[in-house]
Amino acid sequence: MKLIFLGPPGAGKGTLAAKAVDILKIPHISTGNIFRAAIAAESPLGLKVKAILDSGKLVDDGTTIDLVKERLAQADAQKGYILDGFPRTIPQAEALGTFSTVDRVVNFDIPDSGVVDRLGGRRVCRKCGHNFHIIFDKPKTEGVCDHCGGEVYTREDDRPVAIQKRLEVYRAQTAPLIEFYRNKGLLLDVDARPAVDEVVANFRKVLAV
Ligand code: AP5
């Protein structure tokens with residue numbers, strides 16, 4: 001199954017994708033994770049995109065489309081994938097349509113107030129990328145990942161100014177994709193407000209998996 005996860009920053013797309021990988025046995029491809037790994041490795045891509053990610057703006061379409069096209073050509077993505085964070089603009093969605101055929105687009109629906117609480121409290125493992133939350137899902141030992149022992153940190157773009165910028169960018173450039181995919185008959189809405197287990201149940205219900 002070839003899936004897109006759509007929704008505002010902090011809707012829980014990455015958290016749900018980690019669960020959906022076990023259910024559907026397909027890879028989770030997150031453009032945000034790819035960019036953050038490149039930044040950590042200080043690769044040419046990482047050096048190019050670091051300031052953009054930190055500010056909450058979008059990386060240019062050309063760079064992002066090339067990266068996803070290359071990733072989707074790999075063997076593990078042939079039977080299916082979860083695309084998390086791509087497409088994020090209409091030109092990205094149009095480009096995706098030229099090199100892959102998506103089966104479903106899952107729209108994680110949540111108001112801005114819920115998003116600000118989630119992003120403000122998010123903590124992420126620097127090593128394995130697992131998401132924690134200082135209230136909803138604390139690591140057992142503060143600052144240490146339960147899964148790999150890595151350092152748990154606050155993403156630069158989870159600071160208040162960058163959160164507001166990301167919400168603005170989402171409304172202007174990404175939210176129009178909801179109608180774009182609804183008009184193609186591909187969109188499934190999932191209520192992303194409840195606790196994680198309930199969101200997983202909502203997801204399984206709408207996809208019948
Ligand atoms: P990206 O990493 O994709 O960021 P995002 O879309 O802003 O999404 P997030 O990772 O912030 O949120 P999420 O929905 O995955 O929520 P999460 O599961 O972590 O992109 C980062 C940047 O990269 C962009 O700003 C841009 O610069 C660049 N970029 C990426 N893709 C691009 C593209 N296509 N084009 C151009 N630029 C691109 O959950 C959030 C928190 O809430 C966590 O703490 C979690 O524990 C908690 N939580 C989750 N679900 C629940 C729940 N149900 N109940 C309670 N808490 C919950």
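K25 is exposed, because its relative accessible area of 67% lies above the 50% limit for that class. In this predicted model, K25 belongs to the loop between helix 1 (13-24) and strand 2 (28-30). Its phi is positive, at about 55 degrees, although K25 is not a glycine. The points below cover backbone geometry, the second largest pocket, salt bridges, a surface patch and contacts between distant parts of the chain.

**Backbone geometry**

- E42 is another residue other than glycine with a positive phi, in this case near 55 degrees.
- The loop between helix 2 and helix 3 holds E42.
- With a relative accessible area of 61%, E42 is exposed.
- A cis peptide bond leads from F86 to P87, with omega near 0 degrees.
- P87 sits in the loop between strand 3 (81-84) and helix 5 (90-99).

**The second largest pocket**

- The volume of the second largest pocket is about 540 Å³.
- Three elements each give two or more residues to the lining of this pocket: helix 2 (31-40), helix 3 (44-55) and strand 5 (122-125).
- Helix 2 supplies the largest share of the lining, with five residues.
- In total, 19 residues line the second largest pocket, and those nearest its centre are R36, A37, A40, R126 and Y153.
- By type, the lining residues of this pocket comprise eight nonpolar, eight charged and three polar residues.
- A40, one of the residues nearest the centre of the pocket, is part of helix 2.
- The relative accessible area of A40 is 68%, and A40 is therefore classed as exposed.

**Salt bridges**

- Side chains of opposite charge can pair when their charged atoms come close.
- The count of salt bridges in the model is 13.
- One of them joins R71 and D76, whose closest N and O atoms are 2.8 Å apart.
- Within this pair, R71 is buried at a relative accessible area of 18%, whereas D76 is partly exposed at 40%.
- Another salt bridge is formed by the side chains of D112 and R171, with an N to O distance of 2.3 Å.
- D112 belongs to helix 6 (residues 112-120) and R171 to helix 7 (residues 160-174), so this salt bridge ties together parts that are 59 residues apart in sequence.
- Both partners are partly exposed: D112 has a relative accessible area of 31%, and R171 has one of 45%.
- R155 and D157 also form a salt bridge, in which the closest N and O atoms are 2.9 Å apart.
- R155 is buried, with a relative accessible area of 9%, and D157 is likewise buried, at 8%.
- The limit for the buried class is under 20% relative accessible area, which is why R155, at 9%, falls within it.
- R155 and D157 are also members of a network of salt bridges that links them with R122, D158 and R166.

**A nonpolar surface patch**

- I134, I135 and F136 make up a nonpolar patch on the surface.
- Together, these three residues have about 340 Å² of accessible area.
- I134 is located in the loop between strand 6 (131-133) and strand 7 (152-153).
- The relative accessibility of I134 is 40%, so this residue counts as partly exposed.

**Contacts between distant parts of the chain**

- The C-alpha atoms of A40 and K127 are 9.8 Å apart in space, while the two residues are 87 residues apart in sequence.
- G56 and R159 are 103 residues apart in sequence, with 9.7 Å between their C-alpha atoms.
- G56 is found in the loop between helix 3 and helix 4 (61-72).
- At a relative accessible area of 7%, G56 is buried.

Notes
Residues are numbered from 1 along each chain as its sequence is written. This is a predicted model: local features need pLDDT of at least 70, side-chain atom pairs count only at pLDDT 80 or more; totals for chains, interfaces and linings use all residues. Side-chain values use heavy atoms; hydrogens and water are left out. On a 1 Å grid over the protein atoms alone, a cavity is a set of points where a 1.4 Å probe fits but cannot get out, and a pocket is an open set with protein on both sides within 12 Å along at least five of seven lines; lining residues have an atom within 4 Å of a point. Grid points are joined across faces, edges and corners, and a volume is the space filled by probe spheres set on the points. Helices (H or I, at least four residues) and strands (E, at least two) are DSSP runs, numbered from the N terminus. Ala, Val, Leu, Ile, Met, Phe, Trp, Tyr, Cys and Pro count as nonpolar, Asp, Glu, Lys and Arg as charged, and the others, Gly among them, as polar. Patches are made of residues with over 30% relative accessible area and no salt bridge: like charges are joined within 9 Å, nonpolar side chains (Val, Leu, Ile, Met, Phe, Trp, Tyr) within 5 Å. Accessible areas come from the Shrake-Rupley method with a 1.4 Å probe; for residues, only the protein chains shown count as cover. A salt bridge is a side-chain nitrogen of Lys or Arg within 4 Å of a carboxyl oxygen of Asp or Glu. Buried means under 20% relative accessible area, exposed over 50%, partly exposed in between (1.4 Å probe, protein chains only).
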